[in-house]
Amino acid sequence: PLQSSVSGDMRMLVADTDITIYHKSYDASKRLDIWHPNHYTGSWYGRQEATVGDKGLNTADSYTVRIPTQDVISASIGDIVVKGIAKDPITGPSQLKQYISFVITAVYDNRRGAPALHHWRLEGK
């Protein structure tokens, strides 16, 4: 995982990474999930986390992305975040293995306080 050289919450102010969010919606007429890629600029922070399980130490990559904007973005739990610009049509997460990516497990709307600090925080693994 890549790590930012900026510490703490200042990472969100360094919005220098292209980010694609594949937002999933359901098309009832086709009875299929449809994945819509949306492009943003934000900050990307990756780290490795460990938990202790029945079979010993388990490690997993964990990611936090911050997108500075005062607008609403299309992001939900279960959507996929890709580092970089991706335009590939997909039918699921397994088709994005060539990218650094993660599945969103938490979405935080942090559009409050000083307008210069408004952002969305996406977390996942």
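The following conversation goes through a predicted model of one protein chain.

Q: What does the secondary structure of the chain come to?
A: In this predicted model, the chain has 0 helices and 6 strands. Read from the N terminus, the order of elements is β-β-β-β-β-β.

Q: And how many of the residues are buried?
A: The chain has 125 residues, and 34% of them are buried.

Q: What about the exposed surface: how much is there, and what do carbon and sulfur supply?
A: The chain exposes about 7500 Å², and 50% of that area is supplied by carbon and sulfur atoms.

Q: Which share of the contacts links residues 24 or more positions apart?
A: Among contacts with a separation of 6 or more, 56% are between residues 24 or more positions apart.

Q: Turning to the interior, how many residues does the largest nonpolar core have?
A: The largest nonpolar core has 14 residues, and Ile-21, Val-65, Val-81 and Leu-122 have the most contacts inside it. Two or more residues each are given to this core by β1, β2 (32–53), β3 (56–68), β5 (101–110) and β6 (119–124).

Q: Which element gives the largest share?
A: Strand β3 does, with 3 residues of this core.

Q: What is Val-65 in contact with?
A: Beyond its neighbours within four places in sequence, Val-65 contacts Ile-19, Ser-43, Trp-44, Val-81, Phe-102, Trp-120, Arg-121 and Leu-122.

Q: Which residues belong to the other core?
A: Another core, of 7 residues, lies apart from the largest one; Tyr-22, Trp-35, Ala-86 and Ile-90 are among its members. As a general point, nonpolar side chains in soluble globular proteins tend to be buried together.

Q: A change of topic: where does His-23 lie?
A: His-23 is in strand β1, which covers residues 17–27.

Q: Why is His-23 classed as buried or exposed?
A: His-23 counts as buried because its relative accessible area is 19%, and the cut-off for buried is under 20%.

Q: Which residues does His-23 touch?
A: Setting aside residues up to four places away in sequence, His-23 touches Ile-34, Trp-35, His-36, Asn-38, Ser-74, Ala-75, Ser-76 and Asp-79. Of these, Trp-35 is also one of the residues of the 7-residue core.

Q: Now Arg-31: where is it found?
A: Arg-31 is in the loop between β1 and β2. This residue is exposed, since its relative accessible area is 67%.

Q: What is phi of Arg-31 near?
A: Phi of Arg-31 is near 55°, which is a positive value in a residue other than glycine. Most residues other than glycine have a negative phi.

Methods
Residues numbered from 1 in each chain as written. Predicted model: local features only at pLDDT ≥ 70, side-chain atom pairs only at ≥ 80, totals over all residues. Heavy atoms only, no water. Helix = DSSP H or I, 4+ residues; strand = E, 2+ residues; numbered from the N terminus. Buried < 20%, exposed > 50% of the residue type's maximum accessible area, 1.4 Å probe, protein only. Contact = heavy atoms within 4.5 Å. Areas by Shrake-Rupley, 256 points an atom, 1.4 Å probe, with all protein chains shown as cover. Core = buried A, V, L, I, M, F, W, Y, C linked by side-chain atoms within 4.5 Å.
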